[in-house]
Amino acid sequence: MNARTNRSVKLLICLVVLLTLAALTVLWIVHSAQAKREGELQLEGLQGPVAVFYDAWGVPHIDATNEEDAYRALGYVHAQDRLFQMDLLRRIGGGRLAELFGADSFETDRFFRSLGISRHARDYAARLDAEQDSPHVRLIHAYQDGINQYIDHGGMPVEYRLLLTRPDYFTTEDIANTMGYMAYSFAEAFKTDALVDSIRGTLSERHYRDLVPSWPDQLPPVRSSGQPYIELLTPMLEQISQVERTFPSGQFLGSNAWAVNAEHSASGAPLLANDPHIGFAAPAVWYEAHIRTPDSEVYGHFLAGIPFPLLGQTRHHAWGLTMLMNDDVDFYRERANPDNPEQVWAVDHWEPLKVHEEVIKIRGQEDRLIRTRSSRHGPIINDLPGSMERQPVSLFWSFLDPDSDSTRAFYGFTRATSMSEFEAAAALHGAPGLNLLYADVDNNIAMWAIGKLKRWPQSSNGFSLLNGGSGRDDFLGYQPFENNPRIINPRDGILFSTNNPYPERNPRRKLPGYYAPTDRAQRLEQLLASKDQFDLSDFKAFQLDDQRPVALSMVADALPLLDAEQLPEDLREPAAAAAALLASWDGRYAQDSAAASIFQRWQDALSEALFADELGPRYSFFRNTFMAEKTLASLYWKPTSPWWDNRQQPSLDGRQSAIQHAWQNAIAGLVADFGKEPGQWQWSRLASLQHQHALAERLPFGDYLNSKPVAVNGGNETLNNMAFDRGEQHYRIKAGPSTRRLIDLSDPNASLGINPLGQAGNPLDDHAHDQAEMFNEGRYRTQLFDWLSIQALPDRLLLQPASRQR
């Protein structure tokens with residue numbers, strides 16, 4: 001063997017050894033991250049053994065002799081599957097992402113610190129620690145002890161191996177930080193109020209009056225701070241836009257829920273359906289678990305890091321949630337003292353601002369000290385670098401109320417044995433505002449607006465910057481819970497919520513808010529009036545419905561206005577074929593529908609024709625708000641609105657010119673992107689769903705942690721709501737049904753559900769994506785409730801008491 005051959009053999013051996021070591025390392029990482037779903041483990045603090053049975057979908061069914069043992073076990077098994085997700089959610093709200101991701105997340109952390117969530121969390125933890133004997137506090141601590149024991153046992157999800165770090169322990173503060181992130185997601189005012197005030201200041205009063213930030217029959221209130229303050233919140237809008245582009249988790253965007261009583265149910269018992277609309281991400285939002293003790297039983301959907309289910313059912317009742325969309329945020333323009341910028345005017349005197357110094361730890365860099373301030377109204381939210389001389393704007397936010405403790409309410413939902421007990425628990429919820437839908441075996445159905453609602457009208461001054469110094473716009477307290485909107489056992493036996501207002505005839509009882517467009521409400525109302533009795537197969541069809549009647553009405557009006565002669569000659573033939581497709585369209589956003597693609601591109605172009613010339617750079621903030629969709633739907637039928645005037649191209653003034661111009665732009669764009677055959681412009685080519693992992697863009701080869709892109713049925717504001725940003729060449733579905741639940745109170749074993757991905761957070765786990773295909777195809781699985789079947793499951797993890805070592 002010559003020297004060259006010898007070297008080649010040695011290099012080959014070295015390469016084989018390195019590849020073997022790499023493979024073994026990957027196998028070790030995968031094995032160490034795997035959830036343990038069978039065998040035995042010892043858990044400190046248990047009073048007795050706890051059996052955890054895993055079903056075919058990786059859902060744990062926890063059987064314990066007492067609640068503290070059950071919730072300690074829940075914390076452990078939840079962490080096995082979702083520890084990294086738990087960690088992310090608490091870090092977002094608490095402003096601690098930079099500890100994991102470095103300087104790229106500093107701006108996001110600073111933004112969330114400026115909202116005051118972390119300070120609120122510290123106060124919340126101190127209050128709960130003083131109530132350690134309260135049942136819900138004991139269970140919070142047991143749950144977090146289970147999480148921390150998993151960390152102690154060396155549980156290390158793949159993400160921490162890739163980041164070369166490890167998680168720290170969970171504390172009571174983390175509950176409030178996670179809830180703060182959820183409350184921020186619900187608060188449409190952060191995007192809407194600044195835009196409304198800016199439009200009022202730069203355009204005419206008629207432009208302002210034609211905006212629809214609320215439901216279409218409600219105009220924004222005239223009352224404001226007295227004059228426009230256009231640039232005060234622009235930094236906040238820019239920062240929100242930047243933050244949301246890099247969010248490592250999905251946001252809460254809307255929901256559907258409805259219920260019918262026994263008279264409308266084929267089974268003779270109430271039916272309930274719920275599909276909350278939340279940003280898609282890997283792993284999926286909800287974690288399912290079933291808990292039984294001698295005193296209680298609940299099958300629930302849990303948010304990462306929260307010990308009580310936000311959605312659930314017992315053998316007596318079931319409940320679901322949608323966003324209330326109430327106005328729980330106000331912005332106050334503070335009058336700064338010209339001689340002392342650390343003071344602001346408070347009715348009749350100068351009052352010092354409180355100064356808060358907080359440290360943001362940044363991975364790989366020195367810690368950074370940030371300085372935030374707050375007035376008597378709340379945090380100053382435009383204190384950004386280089387802007388300390390700007391007139392301060394403070395934030396009033398109901399979530400920051402020091403007495404807010406929603407976990408007590410969520411715990412109460414699981415323990416209620418009657419509708420009155422359930423309602424008493426609902427009254428304890430603080431923020432964010434939610435619609436709580438309920439059905440029980442006693443043939444009760446109900447819906448409550450829950451959360452602390454500002455007294456109306458004196459303390460509901462949304463959609464504008466308020467005067468912080470005069471006192472006239474000051475918060476005057478919350479109304480009693482018994483005054484909140486509610487519907488209990490309606491005469492027609494049907495109730496629903498699609499983020500729409502309560503049907504209240506008295507205008508003084510209307511609840512100001514940032515409600516969703518009318519599309520889903522109109523469609524669901526049609527479907528629920530379509531027959532006298534329903535079963536779960538009907539409710540399946542409703543949840544999967546992808547028709548937009550509002551779109552059909554716009555198409556029927558627009559088609560006669562389109563003039564082919566005004567189009568460039570090369571677009572006339574495809575435009576004629578596209579118009580024919582629209583004329584025969586059934587309004588459905590089906591994967592094979594070309595008409596859906598044509599309508600959506602035309603609607604995007606029409607929105608730009610209406611708003612972009614007036615709003616300029618602000619249009620990028622405006623176009624993906626609920627306000628934009630609602631205003632477009634309203635203005636379409638108002639040909640005299642000044643929004644139809646084109647400031648940049650006066651020749652395009654007027655409704656008909658705008659409709660024609662938008663049609664030309666839509667056809668030109670579709671031809672450029674997909675060719676001249678409109679029959680080939682299927683919705684599946686324009687829209688796709690991919691669940692993205694938080695590390696996908698932060699690590700080399702991170703894309704492998706994402707799911708594969710798939711085509712979907714549904715679009716913005718169809719009942720099967722597949723939400724995307726408008727104006728893009730390719731619609732990337734960003735949010736939709738985070739779960740689909742169907743419950744028949746005649747038999748808990750008949751309950752159906754589906755998860756968009758799977759139970760496990762570990763991307764290499766068998767249960768990471770095992771429900772994705774079913775979800776995409778509109779299929780469901782049973783939610784196992786029968787303990788004879790559960791105890792026969794082959795996968796059982798037995799948790800035994802161990803003496804406490806720490």
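**Exercise 1. A positive phi in a small sheet**

In which loop does Val347 lie? Work out its surroundings in this predicted model.

*Solution.*
Step 1. Place the residue: Val347 sits in the loop that links β12 and β13.
Step 2. Check the backbone. Val347 is not a glycine, yet its phi is positive, at about 70°.
Step 3. Check the exposure. The relative accessible area of Val347 is 44%. Buried ends at 20% and exposed begins over 50%, so Val347 counts as partly exposed.
Step 4. Look at the strands on either side. β12 covers residues 340–345 and runs antiparallel to β13, with three bridges between them. Within this pair, Val344 faces Glu351 of β13.
Step 5. Add the rest of the sheet. Three strands form an open sheet in the order β11-β12-β13, paired antiparallel. The edges are β11 (336–337) and β13 (350–352); each has a single partner strand, so one side of each lacks a neighbour in the sheet.

**Exercise 2. A second positive phi**

Is Glu717 buried or exposed? Find its loop and its phi as well.

*Solution.*
Step 1. Locate Glu717: the loop between β22 (687–689) and β23 (731–733) holds it.
Step 2. Read phi. Glu717 is another non-glycine residue with a positive value, about 70°.
Step 3. Read the area. Glu717 has a relative accessible area of 5%. The limit for buried is under 20%, so Glu717 is buried.

**Exercise 3. The 11-strand sheet**

What is the strand order of the open sheet with 11 strands, and which strands stand at its edges?

*Solution.*
Step 1. Trace the order: β1-β28-β2-β3-β6-β7-β8-β9-β17-β18-β20. The pairing is mixed.
Step 2. Find the ends. β1 (39–44) and β20 (486–488) each have a single partner strand, so each keeps one side without a neighbour in the sheet.
Step 3. Gauge the twist. On average, neighbouring strands are turned by 20° against each other, direction ignored.
Step 4. Inspect the β20 end. Strand β18 (residues 445–450) and β20 run antiparallel and share three bridges. One residue pair to look up is Ala446 with its bridge partner Ile488 in β20.

**Exercise 4. Two cis peptide bonds**

Where in the fold are Pro283 and Pro432? Give the geometry of the peptide bond that precedes each.

*Solution.*
Step 1. Take Pro283. Its loop runs between β5 (271–279) and β6 (286–292). The bond from Ala282 to Pro283 is cis, with omega near 5°.
Step 2. Take Pro432. Its loop runs between α13 (419–426) and β17 (434–440). The bond from Ala431 to Pro432 is cis, and omega is near 5°.
Step 3. Follow Ala431 further. Ala431 is among the residues that Ser398 touches.

**Exercise 5. Around Ser398**

Which residues does Ser398 touch, not counting residues up to four places away in sequence?

*Solution.*
Step 1. Locate Ser398: the loop between β16 (393–397) and α12 (406–415).
Step 2. Name the contacts: Asp328, Ala431, Lys452 and Tyr478.
Step 3. Classify the residue. Ser398 is buried, at a relative accessible area of 2%.

**Exercise 6. The nonpolar cores**

Which members of the largest nonpolar core touch the most other members?

*Solution.*
Step 1. Size the core: 195 residues.
Step 2. List its best-connected members: Leu115, Phe190, Trp397, Phe413, Trp602, Leu606 and Trp663.
Step 3. Expand Trp663. Beyond its neighbours within four places in sequence, Trp663 contacts Leu562, Leu567, Ala575, Ala578, Ala579, Leu582, Ile598 and Trp602.
Step 4. Look for another core. A second, separate one has 18 residues, including Phe496, Ala521, Leu527 and Leu742.

**Exercise 7. The whole chain and its confidence**

How many helices and strands does the protein have? Then assess burial, contacts and confidence.

*Solution.*
Step 1. Count the elements: 24 helices and 28 strands.
Step 2. Take burial. Of the 806 residues, 62% are buried.
Step 3. Take the surface. About 30,500 Å² is exposed, with 51% of it from carbon and sulfur atoms.
Step 4. Take contact range. Among contacts with a separation of 6 or more, 72% join residues 24 or more positions apart.
Step 5. Take confidence. The average pLDDT is 89, and 88% of the residues score at least 70. Residues 22–27 fall below 50 and have zero contacts beyond near neighbours in sequence. Residues 219–227 are also below 50, but this stretch has 26 such contacts in the model.

Conventions. Residues are numbered from 1 along each chain as its sequence is written. This is a predicted model: local features need pLDDT of at least 70, side-chain atom pairs count only at pLDDT 80 or more; totals for chains, interfaces and linings use all residues. Side-chain values use heavy atoms; hydrogens and water are left out. Helices (H or I, at least four residues) and strands (E, at least two) are DSSP runs, numbered from the N terminus. Buried means under 20% relative accessible area, exposed over 50%, partly exposed in between (1.4 Å probe, protein chains only). Contact means heavy atoms within 4.5 Å. Accessible areas come from the Shrake-Rupley method with a 1.4 Å probe; for residues, only the protein chains shown count as cover. pLDDT is the predictor's confidence in each residue, from 0 to 100. Two strands pair if DSSP finds at least two bridges between them. Axes are lines fitted to C-alpha atoms, for helices over the stretch in contact, and angles run from 0 to 180 degrees between N-to-C directions. A nonpolar core is a set of buried Ala, Val, Leu, Ile, Met, Phe, Trp, Tyr and Cys residues joined through side-chain atoms within 4.5 Å.
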